[in-house]
Amino acid sequence: MKYLIRTLAVALAVMMAGNGCTNVDDDRAFGSCRIDLTNISNWTIYGVNGLGTYRYFVKDRRLPSNFPYTATTYTGLGGVLLIDVGVGATQPVAYEMSCPYERKKSVVVQMDDATLEAVCPECKSRFNVLMANGMGVEGPAAKQHMGMHRYKVTATASGGYLITN
C-alpha cells in the first residue's frame, strides 16, 4: 500500500510539473553508451517486452553473459538498465545504472521486484523508473532532486532498437 501511495503521488507530481524532468537533475556525463539491438532477433533475445520487464547490460561484468559484446559496445559508467515502461505496447527506456548520488562505477542500482523501483544499495535512494523518468522518490537523491540519467533508445526499421547517448 505504501508503494501504491508513493507511486500515485509521484505520478501526480509528474503530471502537474508538465514533462516531469524540469526540476530533476539527471543530466550528468556518465560515459559512452552504445548497445546495438537493431536486429529483431537480437531484440527478441536481449530486449524487454511487457510492462516492468527489465534487463541489465554491463560490458565488463559480461551481463547478460551470452550477449555478443563488440569493440563498439559501451555500457556507460556502471551499466545500463533497460526497462519496458509501455502499457499495451513495448516502450523501452534505458538508464545509467550508477547511482546519481554516489556517482561511482562500483555503486549501481538494482531493481526491487516488489516495487519495480531502482534502489541504490549504498545510499538507499529509490528511483521511479516506470512512471517518473527515473526521478528519485526516496533517500538523499530525492532530497537533492536527482534522477537517473537516461540514454536514447531509438527504434529501427528492422524492428529492433539502438541504445546510445
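This section describes the confidence, the sheet and the salt bridges of a predicted model.

Confidence comes first, as it guides how the rest is read. Across the protein chain, pLDDT averages 87, and 82% of the residues score at least 70. Two stretches fall under 50. Residues 1-5 stay under that value, and the model has 4 contacts for them beyond four places in sequence. Residues 7-25 likewise have pLDDT under 50, with 24 contacts beyond four places in sequence. Where pLDDT is low, the predicted coordinates should not be read in detail.

Turning to the sheet, 7 strands form an open, antiparallel arrangement in the order β2-β4-β5-β10-β11-β1-β3. Strands β2 (54-57) and β3 (74-75) stand at its edges; each has a single partner strand, so one side of each is left without a neighbour in the sheet. At the β2 edge, the partner is strand β4 (residues 80-84), which runs antiparallel to β2 and is joined to it by 4 bridges. Within this pairing, Arg55 stands opposite Leu82 of β4.

The model holds 3 salt bridges. One of them joins Lys105 to Asp60, with the closest N and O atoms 3.1 Å apart. Lys105 sits in the loop between β5 (92-96) and β6 (110-112), while Asp60 sits in the loop between β2 and β3, so this pair ties together parts that are 45 residues apart in sequence. Asp60 has a relative accessible area of 53% and is therefore exposed, whereas Lys105, at 48%, counts as partly exposed.

Arg126 offers a second place to look closely. This residue belongs to strand β8 (residues 126-128) and is buried, because its relative accessible area of 14% lies under the 20% cut-off. The side chain of Arg126 meets that of Asp112 in a salt bridge of 2.6 Å, N to O. This pair links distant parts of the chain, with Arg126 in strand β8 and Asp112 in strand β6, 14 residues apart. Arg126 also forms a salt bridge with Glu117, where the closest N and O atoms are 2.7 Å apart. Asp112, Glu117 and Arg126 are thus linked in a network of salt bridges. Of the two acidic partners, Glu117 is buried, with a relative accessible area of 1%, and Asp112 is partly exposed at 22%. In addition to these charged partners, the side chain of Arg126 makes a polar contact of 3.0 Å with the side chain of Thr115.

Technical notes
Residues are numbered from 1 along each chain as its sequence is written. This is a predicted model: local features need pLDDT of at least 70, side-chain atom pairs count only at pLDDT 80 or more; totals for chains, interfaces and linings use all residues. Side-chain values use heavy atoms; hydrogens and water are left out. Helices (H or I, at least four residues) and strands (E, at least two) are DSSP runs, numbered from the N terminus. A polar contact is a pair of N or O atoms within 3.5 Å; within protein, one must be able to donate a hydrogen and the other to accept it, and residues adjacent in sequence count only if both atoms are side-chain atoms. Two strands pair if DSSP finds at least two bridges between them. pLDDT is the predictor's confidence in each residue, from 0 to 100. Contact means heavy atoms within 4.5 Å. A salt bridge is a side-chain nitrogen of Lys or Arg within 4 Å of a carboxyl oxygen of Asp or Glu. Buried means under 20% relative accessible area, exposed over 50%, partly exposed in between (1.4 Å probe, protein chains only).
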